[in-house]
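Subject: Structure handover

Hi,

Here is the structure you were waiting for. My notes follow below it.

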Amino acid sequence: MKNKVLIVALTVLLVIGIVSCSMDEYAKLGEAMGKMGNNVYGIEPNMQQVNETTKEFDNKVTKNEAGDVEVELVDPADLISSVAEIKNSTKKTEELKKQLDEPLAKDEETAKKVQESLRTKMENIISDTKVEDDVLASADDKVKSAYDSVTNALNDIKDSISENPTKADLAAVSIVNDLANTVKNIAENPDQYNKADGELDTEKIIEDANKALQALDALKVTSTAADLDILKDFNLASLFSSSGSGSKALSDDSSSPKDEDAMRKFMFSAIDSFTKMVSVDGEFDEVKYNRFIFQMRAIRTAYETTAWLVTPSLAKGEDQFAVVDAIIDGKNIIGLDSFSANDLVLYAASVVFTECNKLPVKDGSELSFKDAVKAYMEKDASVLEDEDLAKRFENFEKFFNDVDLSKKDYDVEHLEHSAVTAVNTAAVILVDSGFDLKIIEKAGFKPEDGKSYGEELEKAFENLKNELGKNN
Amino acid sequence: MKKVLLSVLVLAMCFSFAFAADKQAIYTYGDIDFTFQPTFSRYNAMGQSGLAAAGRMDSFYTNPAALAEERFGLSLPTVAVTLFNVQKLVSDPEAMTIVNSMIDGTADDNAAVNLADKMIKNLGSGYNTLATIDAGVGAAFGSFGLGANVQVKLHTIAKGSSNVANVKVVPEVNVAQTVALGLNIIKTDALKLQIGAAGHFVYKAYLQGQDAATVSSLLSDDDGNDVQKKLLWNTPTMGGYAIPVDLGVTLSLANDAVRLSATANNLNGTYRMSSYDSFANMTNSVVGTEVFTPEEGYEAKESEKFEIKTPWTLNFGFAFAPNVIFKPVITADLIDMLGMVKSLGSDSFKAEDLLLHLNAGAEVSILCFNLRAGVNRGYMSVGAGVGLLGMRIDATYGWQEFGAELGDKPVDSFTIRFNLGYDK
């Protein structure tokens, strides 16, 4: 019995010893534990596959005697399969991103020629993937939507190729070209998803959907813009503490200072992630901004194409909110456990940034979104750096009041349309995400009696629209 | 502005799906190694080595030839808890403040959720594990061994960064029954040759990957019941069985001071699985009676069958265990020899790659205390144990590789294991 008492006492002492450490002692303990994580053999990860993958890009830019530069696309199948293996290793993925972030050109003069060549390449892709009107007329509405989406994307991508394209940009063009060809193939052969007996050929659907999913995965790894981690500092507890019923969270401004602080922290974390991506040494960098928008456009295209491919049987509803309800109610047919909620966030970000980038401004002399971002970053360092979240939030609001973006007559309807499309497609994308509606309800987003989630979403967009346009 | 922010948040978390289909879809996770092995504190502390000097209960799954020693062992029960990614948590002052507040009872309502949030963010991209909980009973008497184990493991998969929306938690439950036998083929003062075999009936079940928010909400008092209900009745579950076998042979020389072993582990490790629309449905189907009562109108979906293959490994062990003061034990194992032989033929094979298959460790005993250290594919581990009549407690801390290749993703873990009975 004495022995048992002794062992229990030793356990209690061990626990007390651990938890009674000061923060400094914890830090020292953490440091010592971290040192044990260094491999004693000193073996570094094998980067052979990463080097071979990026070396392919070096051979794709050729210059003839006359000084003309020709850029060739990389083989998307090879790239996608290489990336699928590399992405399983954190360190290899980091190295791949680092190497792909290098410019294709060695000097400024060549950089311009590479940009021109890539634009020409995009024009060729646009003409090569064009489907004749009479052929398209026989395709169903959903295929037409997918085709329109890709066509618009190709034009946007062509226009947003940055001044000094990187290997990642070439990867994006190559992957988007592959997706565009898939959509073209479907538009030209609308019957390929039907078996002879008229039933849907689900094997073919899943094959194409998987192909598109792999392309999307590759794009997420190769694009630096995909690293935008909006939810990095999002605190789950702030979600749980926002208790209430109905659409309280959307309509009630009363919340604890702690909740508001958590929200501000989250919001500034997202803003910081974005500003870091479009700056060099804290200064706004136009080339990086353009590249960010270009890559976001490519990512958006991949999501939209994939979304249509994974739900070929989902009828296109006239009321897009009804489609959301249909999906929430579980009326899809294909079970692909391939997306996380983060995909929705990344997709929503890609829509927001690409749409904001071209928000029509009625008065041409006013600030564009790019100008606003630049002005925000150059306005006052304290706007970005103040540690006091409440003060920072105040500065942030003051800045936007000063530049008065809300009075620039942005086309709110246009934004709403984009947002609706984003929600609709994102809902499709989140097939089988398993996200629990109860969690959403905990956030205060619970349909009132007799209303659906679609109707509540519509209301959320009304709020969003009012917020954006209340000073119009 | 807050409304805009909330709108975006709501949109980011607004969808849930279940498929209206006659057959339950199959969910597989290629990143997860579903091989079942209980957590061995001593073995892990010694750098996952010690095949030739296996503990009594550990020998059921490592080297059953050790049972030929005919030593008595008993676990009534053994309980082990392992937490992963501990170093990042200890290095985070906010996390440790939460832990302290939870222990001294001053934590606020959101402490558990906040801690879970931090643990999720420490997972990194790709595969990781949050925690494992093991419980087992077993007995070794004469040359026989009988045991039963239950293990709950929380695997995680993050595509991209490990934020709350990006991590899926895949809970896995294993229930195993073991019968083991070890025999002396040759037994002289100078030399012993022992062989052993252990057969395990393992029933494995894992749930469809759950978003981190769902898992965290279990920690939230006012939402836990709803989520439990969801996990029980609305979460697709895959379940099935395998009968893996472990074989071992040990050659002992110099009065057991020098031992050489060869083991073949996890032979016949193919699980015959079925898909179920819920954990409750799976349980009712397997048990053959209504353990969980379904709600009115519930109709179970039809199951689909599939297989999960887990690899077998060929391993060699060496131990030097002279019967002198402090009872030192030095071990060195060459693990996964088949994998090494395969890599020998590849162009990328380098001589130093042999080190990647070498685990080594040491143990000394002082009175009732044991101190251990080891190296597992180049990653260090340490451990300590104290055993007094009828009780034993062991603690282990160490690193291991979770990536496909060395250096890809080192992950640390801390195990505390308690045994009521007699085992070493």
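B:N265 faces B:T313, which lies in β12(B). The two strands involved are β9(B) and β12(B), the latter covering residues 313-320 of chain B. They are antiparallel and share eight bridges. Keep in mind throughout that this is a predicted model.

β9(B) also pairs with β8(B). Strand β8 spans residues 245-253 of chain B, and strand β9 spans residues 258-267. Again the sense is antiparallel, with eight bridges. One pairing to look at is B:G248 with B:T263 in β9(B). The two strands make a hairpin with four residues between them. In that turn, B:A254 has a positive phi of about 50°.

Further along chain B there is another run of hairpins.

- β15(B), residues 369-376, runs antiparallel to β16(B) and is joined to β16(B) by eight bridges. B:N376 sits opposite B:Y379 of β16(B). Two residues separate the strands of this hairpin, and B:R377 has a positive phi near 50°.
- β16(B) is joined to β17(B) by eight bridges, also antiparallel. Here B:A384 is opposite B:A395 of β17(B). This hairpin too has two residues between its strands, and B:G390 takes a positive phi near 85°.

β16(B) itself covers residues 379-388. What lies on its covered face, and what on its uncovered one? The covered face holds B:Y379, B:S381, B:G383, B:G385 and B:G387. The uncovered face holds B:M380, B:V382, B:A384, B:V386 and B:L388. The general rule behind such a pattern is that side chains in a regular strand alternate between the two faces of the sheet.

Next, B:R392. This residue belongs to strand β17 of chain B, residues 391-401. Is B:R392 buried or exposed? B:R392 counts as buried because 24 other C-beta atoms lie within 10 Å, and the cut-off is 20 or more. Leaving out residues up to four places away in sequence, B:R392 touches B:G385, B:G387, B:N419 and B:D423. Two of these contacts, B:G385 and B:G387, are on the covered face of β16(B). B:S41 is 351 residues away from B:R392 in sequence, yet the C-alpha to C-alpha distance is 11 Å.

Now chain A. It has 22 helices and four strands. Of its 472 residues, 39% are buried. Among contacts with a separation of 6 or more, 84% are between residues 24 or more positions apart.

The largest nonpolar core has 65 residues. Those touching the most other members are A:I175, A:L179, A:A215, A:L219, A:I299 and A:A302. Helix α9 of chain A, residues 167-188, gives the largest share of this core, twelve residues. A:A302 touches A:I175, A:L179, A:A215, A:L216 and A:L219, not counting residues up to four places away in sequence. Another core lies apart from that one. This second core has 44 residues, including B:L89, B:L231, B:M282 and B:Y379.

Last, helix α4 of chain A, residues 76-86. Its buried residues are A:P76, A:L79, A:I80, A:S82, A:V83 and A:I86. Why do they share a side of α4(A)? They cover an arc of only 165° around the axis, so they fall on the same side of α4(A). The spacing fits a general rule: an α-helix has 3.6 residues a turn, so residues three or four places apart point the same way.

Best wishes

Conventions:
Residues numbered from 1 in each chain as written. Chains lettered and ligands numbered in written order. Predicted model: local features only at pLDDT ≥ 70, side-chain atom pairs only at ≥ 80, totals over all residues. Buried ≥ 20, exposed ≤ 12 C-beta atoms within 10 Å, placed from the backbone. Contact = placed C-beta atoms within 7 Å. Core = buried A, V, L, I, M, F, W, Y, C linked by C-beta atoms within 7 Å. Arc of directions from axis to C-beta. Pairing = 2+ DSSP bridges.
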